[in-house]
Amino acid sequence: MKEDNCLHAALICLGMLCYSHAITTEKLNHTRPSLHGHHEKGKEGQVLHRSKRGWVWNQFFVIEEYTGPDPVLVGRLHSDIDSGDGNIKYILSGEGAGIIFVIDDKSGNIHATKTLDREERAQYTLTAQAVDRNTNRPLEPPSEFIVKVQDINDNPPEFLHENYHANVPERSNVGTSVIQVTASDADDPTYGNSAKLVYSILEGQPYFSVEAQTGIIRTALPNMDREAKEEYHVVIQAKDMGGHMGGLSGTTKVTITLTDVNDNPPKFPQSVYQMSVSEAAVPGEEVGRVKAKDPDIGENGLVAYSILDGDGMDMFEITTDYETQEGVVKLKKLLDFETKKSYSLKVEAANVHIDPKFISNGPFKDTVTVKISVEDADEPPVFLKPSYIFEVQENAASGTVVGKVHAKDPDAANSAIRYSIDRHTDLERYFIINAEDGNIKTIKALDREEIAWHNISVFAVEVHKQHQEAKVPVAIKVVDVNDNAPKFAAAYEAFVCENARSNQQFITISADDKDDSANGPRFIFSLPPEIIHNPNFTLRDNRDNTASVLVRREGFSRQKQDLYLLPIVISDGGLPPMSSTNTLTIRVCGCDSNGSLLSCNAEAYILNAGLSTGALIAILACIVILLVIVVLFVTLKRQKKEPLIIFEEEDVRENIITYDDEGGGEEDTEAFDIATLQNPDGINGFIPRKDIKPEYQYMPRPGLRPAPNSVDVDDFINTRIQEADNDPTAPPYDSIQIYGYEGRGSVAGSLSSLESATTDSDLDYDYLQNWGPRFKKLADLYGSKDTFDDDS
């Protein structure tokens, strides 16, 4: 700080000396009119007058950041017409006039009242004017001048970033450019060395260096190894004043990271790996892992593993786990401890990507020996074959040997083996196996036509270790024996026309044999010896397992015989051959001239020869329609309602009674139904009814004897009343009578309302008038007397 203050004081003194020298030695010459001037000849003889300016004029400077107790004297204005009597007044205007810069209007001295900062403003433009103090008349024309703020070194250099980050590959050559840092200085670069910067490195030697003028950082040591040190912290300084003493400085931090290159080969940490695997392991199972270490990272550290040599190349394989960079040894084939107990492999680990610049560092790969020992495992029995196929003839006797299976214990103990059949594969129990030697025999006869192949499974277990078992498939073929005679391939039924010609073929037959092809075709067709000279039909063997049946004579008649049964003998080609007699049914049918079938029924002759099939169908349809009509008619007749009481003879005159007036009450006897007295059935018994079924039959009491027809009516009625009173099943047979008026002789009086309008009544029916036109008739009948009179 003391050095900086001394520097500021020296600069101020230097500025004052420059200012004084400028006042005494420099004048600005401006032209103005003057009485004392020089004459010059211009163009075309024009005389120009040059007046001499009356100002004493200077270039003004003021040092920035001045902090003295008194205002700084910037300069002085003086006119040559100023005689010093005080009549001239100096006026200052322009940028900062009166605020930053003030002028003594008598002497013309200009002072700066405030501290100036060149970095905020480098210069000010002002206007000076001399006027008459008394009249304010301008004595000189206004003139502009500039006050420049003279720079001092008051701003340190500043870097664009506080921290920089850069990368450079490891093992780079000396002088490799890493990064360029840049600083700036706010001071005036055109005045002195205040803004002249010089870069230097404070931290980071001897690994890096920096160019003093450009700020470019470069490597300074060869073969820097990322695996030894990956990151470096460098401090760079920028100093002004050209780096000389007294200059200001600034610093920045640069973090430099060495990027990886493939300069390290993979290395196994040991020379031999020991592994073990059980002989019971399955292919694809992991045996162990190896890992070669590579200090490089990323793709430079990728390692691929392979097997170069060894007696286990066929039994094992190795793959690369790129997540862990390990080599995974896996089983490739099944192992057998009893056959080989150990294996050896030579495994190589090599870099996937190799940088040619570092190929001279050596081979980027390494090898290691892997020894694998096979562990003994308790293995199940092993059959000598993966599957067995046996043959046995069908119909073979029970106990026939089919074949033999054999298994052994692969372990060193060589335990005894017991055999059994998986009964899930032999549900019908056709076979049995000897538990000791593995011989398979039949239990029952086999039929090839039922099952041609039997697929069973045989178990083999160790005697002392029941959990160790093996299973093998056994296929047993049933060999065919010619035990089935050939038969018709279908249920043949032939027809022959009545007008058939001699030697005309009318059907071709074939045969089928359940036996194998060796015992089946070729088939031989023939007629039995007893009918070989059949007068009606003959047989021709086509020698292609078919035969044709032909007509031997001409003309057949359905009236005489419409059905023929022809026996045919079929023999197969087996040894010994088998044959069967099959019957062919032949019908005699009517045909047209082209041989097309018309009818095979003998009854067809009874019908008219000219009656076609369509006519027969139409006749049958008409008959069916007539039957349906008759059935419907009968059904409708039965659905008619019958009277409740069944009479043999009905007297309509006495049953239907029409009354034009009311009955006469109890005195009215005209409506009595005399039909009851005339019905002879009523004398001998009660009249049956259809609507009620009596629960039991009533038998008349023996004391009541029916009266003859000639008895008195009174006695007859009393008798019937007594019978009805004593018969719980007798329904009422009273007839329903309709009366137009009540009888006048009834002691009960009238119950009708027909004559209510003529009787005295206390009821008032006037409200019926308000019920609308539908009740108008009732209102007229039952309304008040006045209303009734009005209506009438």
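This report walks through a predicted model, from its overall make-up to single residues.

**Overall make-up**

The protein has 792 residues, and 33% of them are buried. Its secondary structure comprises 8 helices and 45 strands. The accessible surface is about 49,800 Å². Carbon and sulfur atoms account for 53% of that surface. Long-range contacts are a clear part of the picture. Take the contacts between residues at least 6 apart in sequence: 66% of them join residues at least 24 apart.

**Salt bridges**

How many salt bridges does the structure hold? The count is 19. Three of them are set out below, with the closest N and O atoms of each pair.

| Acidic residue | Basic residue | Closest N and O atoms |
|---|---|---|
| D263 | R171 | 2.6 Å |
| E326 | R289 | 2.7 Å |
| E348 | K365 | 3.9 Å |

Start with D263 and R171, at 2.6 Å. This pair links distant parts of the chain, 92 residues apart. Both partners sit in loops: D263 between β20 (249-259) and β21 (272-278), R171 between β13 (163-169) and β14 (177-180). D263 has 4% relative accessibility, so it counts as buried. R171 is partly exposed, with a relative accessible area of 25%.

Next come E326 and R289, at 2.7 Å. Here the partners lie in strands: E326 in β25 (residues 326-331) and R289 in β22 (residues 286-290). They are 37 residues apart. E326 is partly exposed at 21% relative accessibility. R289 is also partly exposed, at 33%.

The third pair is E348 and K365, at 3.9 Å. A salt bridge requires the nitrogen and the carboxyl oxygen to be within 4 Å, so this pair counts. E348 belongs to strand β26 (residues 342-351), K365 to strand β27 (residues 365-375). The two residues are 17 apart in the chain. E348 is buried, with 15% relative accessibility. K365 is partly exposed, with a relative accessible area of 43%. Elsewhere, salt bridges that share partners join R226, E227, E230 and D260 into one network.

**A buried acid without a salt bridge**

Which side chain of opposite charge is nearest to D422, and how far away is it? K471 is nearest, at 4.3 Å. The cut-off for a salt bridge is 4 Å, so the pair does not qualify. D422 is buried and has no salt bridge. D422 lies in the loop between β32 (417-421) and β33 (431-433). Leaving aside neighbours within four places in sequence, D422 is in contact with S457, F459 and K471.

**A three-stranded sheet**

The strand that follows the D422 loop, β33, belongs to an open sheet of 3 strands. The order is β30-β34-β33, and the pairing is antiparallel. Which strands stand at the edges? They are β30 (401-404) and β33. Each has a single partner strand, so one side of each is left without a neighbour in the sheet. Neighbouring strands are turned by 20° against each other on average, direction ignored. Strands of a sheet pair through backbone hydrogen bonds. Between β33 and β34 (residues 439-442) there are 3 bridges, in the antiparallel sense. I433 stands opposite I440 in β34.

**Backbone exceptions**

Most residues other than glycine have a negative phi, and most peptide bonds are trans. Several places in this model depart from those patterns.

Two cis bonds precede prolines. One joins Q205 and P206, with omega about 0°. P206 lies in the loop between β16 (198-203) and β17 (208-210). Another joins L575 and P576, with omega about -10°. P576 sits in the loop between β43 (563-571) and β44 (579-591).

Two asparagines have a positive phi. For N395, phi is about 65°. N395 is in the loop between β29 (388-393) and β30, and is partly exposed at 43% relative accessible area. For N545, phi is about 70°. N545 is in the loop between β41 (537-541) and β42 (546-551). N545 too is partly exposed, with a relative accessible area of 25%.

Key. Residues are numbered from 1 along each chain as its sequence is written. This is a predicted model: local features need pLDDT of at least 70, side-chain atom pairs count only at pLDDT 80 or more; totals for chains, interfaces and linings use all residues. Side-chain values use heavy atoms; hydrogens and water are left out. Helices (H or I, at least four residues) and strands (E, at least two) are DSSP runs, numbered from the N terminus. Buried means under 20% relative accessible area, exposed over 50%, partly exposed in between (1.4 Å probe, protein chains only). Lys and Arg count as positive and Asp and Glu as negative; His and the chain ends are not counted. Contact means heavy atoms within 4.5 Å. Two strands pair if DSSP finds at least two bridges between them. Axes are lines fitted to C-alpha atoms, for helices over the stretch in contact, and angles run from 0 to 180 degrees between N-to-C directions. Accessible areas come from the Shrake-Rupley method with a 1.4 Å probe; for residues, only the protein chains shown count as cover.
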